[in-house]
Amino acid sequence: MNIKSKVMTIANALVKQGVSRSAAMVRAWITVKLRRMEVRAVGVTHGNRQKLLERLTRYSAEDITVTLRREKNNTHDHNAIQIVAGVRSKGSAVIGYINRELAAALAPLLDKGATIASRFNVVVGGERGYNYGLALEITV
């Protein structure tokens with residue numbers, strides 16, 4: 001998928017969600033032109049995700065992979081994109097989600113078969129009683 005197709009796919013999806021055409025085009029161009037952005041996972045305090053994040057701190061970054069996976073049947077957000085973290089030879093689990101605004105821009109690309117690369121950066125927090133979080137890098 002070329003850059004113009006990505007921009008138009010994102011912009012059209014944002015317009016369908018009520019964003020003005022001009023604002024949608026600006027957001028789409030920014031998303032595509034940035035190409036590489038660092039994002040933080042949301043929803044990391046749900047269920048057992050804090051324990052899973054704590055376990056990730058035991059492994060080196062080279063052993064951890066993150067994958068983005070669409071969750072079309074999510075009742076809270078029809079653009080939901082899961083962040084699945086895996087450890088080499090240990091398995092994988094949903095560790096959180098891409099934030100709602102960015103997911104609205106990226107979901108149409110994933111639905112059309114575009115590849116969005118993701119890379120584990122770091123598990124943050126955990127000190128002095130703070131919750132753990134996950135930082136990852138995505139490339140559109």
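**Close-up 1. The end of helix α2 and a nonpolar surface patch.** Leu-34 sits in helix α2, which covers residues 21-34. As with everything shown in these views, the helix belongs to a predicted model. Leu-34 is partly exposed, at 49% relative accessible area. Together with Val-26 and Ile-30, Leu-34 makes up a nonpolar patch on the surface. The three residues add up to about 270 Å² of accessible area.

**Close-up 2. Arg-36 meets Glu-137.** Here the two side chains come together in a salt bridge, with 3.3 Å from N to O. Arg-36 is in strand β1 (residues 36-40) and Glu-137 is in strand β6 (residues 132-139), so this pair ties together parts of the protein that lie 101 residues apart in sequence. The two ends have rather unlike surroundings: Arg-36 counts as exposed, at 54% relative accessibility, whereas Glu-137 is buried, at 17%. Glu-137 falls in the buried class because the cut-off for that label is under 20% relative accessible area. There's a third player to look for as well: Arg-119 joins Arg-36 and Glu-137 in a network of salt bridges.

**Close-up 3. A loop-to-loop contact, Arg-88 with Asp-63.** The closest N and O atoms of this salt bridge are 3.5 Å apart. Arg-88 comes from the loop between β3 (81-87) and β4 (91-97), and Asp-63 from the loop between α3 (49-56) and β2 (64-70), so the bridge links parts 25 residues apart in sequence. Arg-88 is exposed, with 55% relative accessible area. Asp-63, for its part, is partly exposed at 24%.

**Close-up 4. Strand β2 pairs up with helix α4.** Arg-70 and Asp-111 form a salt bridge whose closest N and O atoms are 2.8 Å apart. Since Arg-70 lies in strand β2 and Asp-111 in helix α4 (residues 100-111), the pair ties together a strand and a helix, in parts 41 residues apart in sequence. This time the arginine is the buried partner: Arg-70 has a relative accessible area of 18%. Asp-111 is partly exposed, at 38% relative accessibility.

**Close-up 5. Salt bridges across the whole model.** Stepping back, a search of the whole structure turns up six salt bridges. Among them are Arg-36 with Glu-137, Arg-88 with Asp-63 and Arg-70 with Asp-111. As a general reminder, side chains of opposite charge can pair when their charged atoms come close.

Key. Residues numbered from 1 in each chain as written. Predicted model: local features only at pLDDT ≥ 70, side-chain atom pairs only at ≥ 80, totals over all residues. Heavy atoms only, no water. Patch = residues over 30% accessible without salt bridge, like charges linked within 9 Å, V, L, I, M, F, W, Y side chains within 5 Å. Areas by Shrake-Rupley, 256 points an atom, 1.4 Å probe, with all protein chains shown as cover. Salt bridge = Lys/Arg side-chain N within 4 Å of Asp/Glu carboxyl O. Helix = DSSP H or I, 4+ residues; strand = E, 2+ residues; numbered from the N terminus. Buried < 20%, exposed > 50% of the residue type's maximum accessible area, 1.4 Å probe, protein only.
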